[in-house]
Amino acid sequence: MISMPQNGSGIGLRLPHIAEAVATRPPAGWLEIHPENFLASPHAAELLSELARQYPISIHTVGISVGSVSGLDQRHLKRIRELVDRTNPLFVSGHLAWSTLEETYLNDLLPLPYNLEALRVVEMNIHRVQDELGQPYLVENPSSYLGFTASTMTEAEFLYELVRRTGCRLLCDVSNIHVSAHNMNFDPREYIDALPAESIDEFHLGGYTAEEGLLIDTHGAAIADPAWELYSYALRRIGPRPTLIEWDNDLPPLGVLLGEAARANEIAALFIDQEAGCARSR
């Protein structure tokens, strides 16, 4: 198995870039894919298998829907397991959200209240995902635009309890924390402080768009300075983790993604150098 670089940054590999990635083998630390795109394209799946021989792979699901009361689509889950077996990914992750209702798939990641009833639903579904995949599932904090009066705990408390009950791991999307903090009026640093740092395996960074007073998680722009600043804080609080640059809409040239990944590497390297300097001075 190819090991994931502890401090290295990766890029989200989208279908328009896959032929170029195969031809040029770009200097990315690792690659993350949305399996649903590759399940629908056998040729792309073959190219992915070729890349998996050189790069660490992470699979980031968008259709499992761990927040669905009606349960999981077992056929879809089995297809993802088949792709997992082909690519041998280091991580498999997905969102704390729901997007299906029985046989209906919704093209969105919808929020859920943070209370015991919702916790039991997500807990049951994550156990099923992990049983099928045979490995821990990384749960990503969503971007938020509204809250529920039915919530009885914070999002960070919900994630903490989910880890305790299921043994799942966490994907800390730093940009989502900034977006949610702006929209929901909370302190993003206090949110990071409340997360179980030892359970976080991966960071995400992505672009957002300002629209009528809200920040929208569009993944269609460069990473903004406030998200980079919060990333620096997350490194100090949690420590270095493999970091993924997400860009899904208005997709730029591959070199732009690699430039964002290089910036993440520089910030992480600066943190490591500072920590090493502090250790030498003790």
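**Exercise 1. Place Tyr208 in the chain and say whether it is buried or exposed.**

Step 1: Start with the location. Tyr208 sits in the loop between strand S9 (200–206) and S10. Helices (H or I, at least four residues) and strands (E, at least two) are DSSP runs, numbered from the N terminus.

Step 2: Check the accessibility. Tyr208 has a relative accessible area of 14% and is therefore buried. Here buried means under 20% relative accessible area, exposed over 50%, and partly exposed in between (1.4 Å probe, protein chains only).

Step 3: Keep the origin of the model in mind. This is a predicted model, in which local features need pLDDT of at least 70, side-chain atom pairs count only at pLDDT 80 or more, and totals for chains, interfaces and linings use all residues. Residues are numbered from 1 along each chain as its sequence is written, and side-chain values use heavy atoms, with hydrogens and water left out.

**Exercise 2. Which residues does Tyr208 contact, and which side chain joins it in a polar contact?**

Step 1: Leave aside neighbours within four places in sequence. Tyr208 is then in contact with His178, Val179, Leu215, Ile216, Asp217, Thr218, Ala221, Ala224, Pro226 and Ala227. Contact means heavy atoms within 4.5 Å.

Step 2: Look for a polar contact. One of 3.1 Å joins the side chains of Tyr208 and His178. A polar contact is a pair of N or O atoms within 3.5 Å; within protein, one must be able to donate a hydrogen and the other to accept it, and residues adjacent in sequence count only if both atoms are side-chain atoms.

Step 3: Now try a distance. Tyr208 and Arg120 are 88 residues apart along the chain, and their C-alpha atoms are separated by 31 Å.

**Exercise 3. Find the phi angles of Ser65 and Glu212, then describe the surroundings of each residue.**

Step 1: Recall the general pattern. Most residues other than glycine have a negative phi.

Step 2: Read the angles. Ser65 is not a glycine, yet its phi is positive, at about 65 degrees. Glu212, also not a glycine, has a positive phi of about 50 degrees.

Step 3: Locate both residues. Ser65 belongs to the loop between strand S3 (57–60) and helix H4 (74–87). Glu212 is in the loop between strand S10 (209–211) and strand S11 (214–216).

Step 4: Add the accessibility. With a relative accessible area of 7%, Ser65 is buried, whereas Glu212, at 81%, is exposed.

**Exercise 4. What does Asn125 touch, and which backbone oxygen does its side chain reach?**

Step 1: Find the residue. Asn125 is part of helix H5 (residues 116–133), and its relative accessibility is 0%, so it counts as buried.

Step 2: List the touching residues, not counting those up to four places away in sequence. They are Ser65, Val66, Gly67, Ser68, Gly71 and Leu72.

Step 3: Follow the side chain. From Asn125 it reaches the backbone oxygen of Val66 at 2.9 Å.

**Exercise 5. Describe where Ser175 and Ser41 are found and how accessible each one is.**

Step 1: Take Ser175. Helix H7 (residues 174–184) holds Ser175, which is buried at 1% relative accessibility. Setting aside residues up to four places away in sequence, Ser175 touches His204, Leu205, Gly206 and Ala227.

Step 2: Turn to Ser41. The loop between helix H2 (35–39) and helix H3 (42–51) contains Ser41. Ser41 has a relative accessible area of 22% and is partly exposed.

Step 3: Add a distance for Ser41. Its C-alpha atom and that of Leu15, 26 residues apart along the chain, are separated by 9.3 Å.

**Exercise 6. How many helices and strands does the chain have, and how compact is it?**

Step 1: Count the elements. The chain has 10 helices and 12 strands.

Step 2: Compare the radius of gyration with the rule. The chain's value is 18 Å, close to the 19 Å that the globule rule gives for 282 residues, so the chain is as compact as a globular protein of that length. The radius is taken over C-alpha atoms, and the globule rule is 2.2 Å times the number of residues to the power 0.38.

Step 3: Finish with burial and contacts. Buried residues account for 54% of the 282 residues. Of the contacts between residues at least 6 apart in sequence, 80% join residues at least 24 apart.
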